[in-house]
Amino acid sequence: MPDLLVAYRDLGLGELRPILILHVTGPTGAQGDIAGLVDSGADGTVLPAGYAPLMGYTPADVSPQQGAGVGGSVTMHQATRSSKAFIAELPELVFELNPCFVQGCQIALWGRKDLMRQFDVNIMERRKQFSLTRSLE
């Protein structure tokens, strides 16, 4: 039985997508809600570069790395300190995020190394919804 069933949302991009809102606390205690796309193709959490200072990351807290995206090679700035996150409907399950910040990224991506290590994700495209079930590991 899923812990949470979430209807797809439209973030003004013209179509319904599997969007999940996480409450995120950065390494300095800065916090807020971030809406992101549940993306099994993303290795981990990818955030637009503008989130780094809002979350309390400084240039000393990130390490530049080369990565690959749909558009080819990109420079990512991998956080060297983790953040904490939870889903508003499941506040008792706090987990770590280790975000990469990418210039030009338009939407947050919740990927396999963070969100999907905590939850099994079932995308139900025909129903325009997805479910999250706590992993038993």
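**Exercise 1.** Which residues touch the most other members of the largest nonpolar core?

*Solution.* Some ground rules come before the steps. The model is predicted, so local features need pLDDT of at least 70 and side-chain atom pairs count only at pLDDT 80 or more, while totals for chains, interfaces and linings use all residues. Residues are numbered from 1 along each chain as its sequence is written, and side-chain values use heavy atoms, with hydrogens and water left out.

Step 1. Fix the term: a nonpolar core is a set of buried Ala, Val, Leu, Ile, Met, Phe, Trp, Tyr and Cys residues joined through side-chain atoms within 4.5 Å. Buried means under 20% relative accessible area, exposed over 50%, and partly exposed in between, with a 1.4 Å probe and protein chains only.

Step 2. The largest nonpolar core has 28 residues, and Leu-20, Leu-22, Ile-87, Phe-101, Trp-110 and Phe-119 touch the most other members.

Step 3. Sort by element; helices (H or I, at least four residues) and strands (E, at least two) are DSSP runs, numbered from the N terminus. Elements that give two or more residues to this core include strand 1, strand 2, strand 7 (83–87) and helix 2 (115–118). The most comes from strand 8, with 4 residues.

Step 4. A second, separate core has 10 residues, among them Met-76, Cys-100, Val-102 and Ile-107.

**Exercise 2.** Describe the pairing of strand 2 and strand 3, and place His-23 in it.

*Solution.* Step 1. Two strands pair if DSSP finds at least two bridges between them. Strand 2 (residues 19–25) and strand 3 (residues 31–38) are antiparallel and share 7 bridges.

Step 2. The hairpin has 5 residues between these strands, and Gly-29 takes a positive phi near 100°.

Step 3. His-23 belongs to strand 2 and stands opposite Asp-33 in strand 3. The side chains of His-23 and Asp-33 are joined by a polar contact of 2.8 Å. For such a contact, a pair of N or O atoms lies within 3.5 Å; within protein, one must be able to donate a hydrogen and the other to accept it, and residues adjacent in sequence count only if both atoms are side-chain atoms.

Step 4. His-23 has a relative accessible area of 17%, so this residue is buried. Leaving aside residues up to four places away in sequence, His-23 touches Lys-84, Ala-85 and Phe-86, among others; contact means heavy atoms within 4.5 Å.

Step 5. Strand 3 also runs parallel to strand 10 (residues 108–110), with 3 bridges. There, Leu-37 has Leu-109 as its bridge partner.

**Exercise 3.** What is the strand order in the open sheet of 3 strands?

*Solution.* Step 1. The order is 1-12-11, with antiparallel pairing. Strand 1 (4–7) and strand 11 are the edge strands, each pairing on one side only.

Step 2. Strand 11 and strand 12 (residues 129–134) are joined by 6 bridges, and Met-124 stands opposite Gln-129 in strand 12.

**Exercise 4.** How many aromatic pairs are there?

*Solution.* Step 1. Rings of Phe, Tyr and Trp (its six-membered ring) pair if their centres lie within 6.5 Å; planes under 30 degrees apart count as stacked, over 60 as edge-to-face and the rest as tilted. The count is 2 aromatic pairs.

Step 2. One of them is Phe-95 with Phe-119, edge-to-face at 6.3 Å centre to centre and 80° between the planes. Phe-95 lies in strand 8 (residues 90–97) and Phe-119 in strand 11 (residues 119–124), so the pair ties together parts 24 residues apart in sequence.

Step 3. Phe-95 is buried at 2% relative accessibility, and Phe-119 is buried at 1%.
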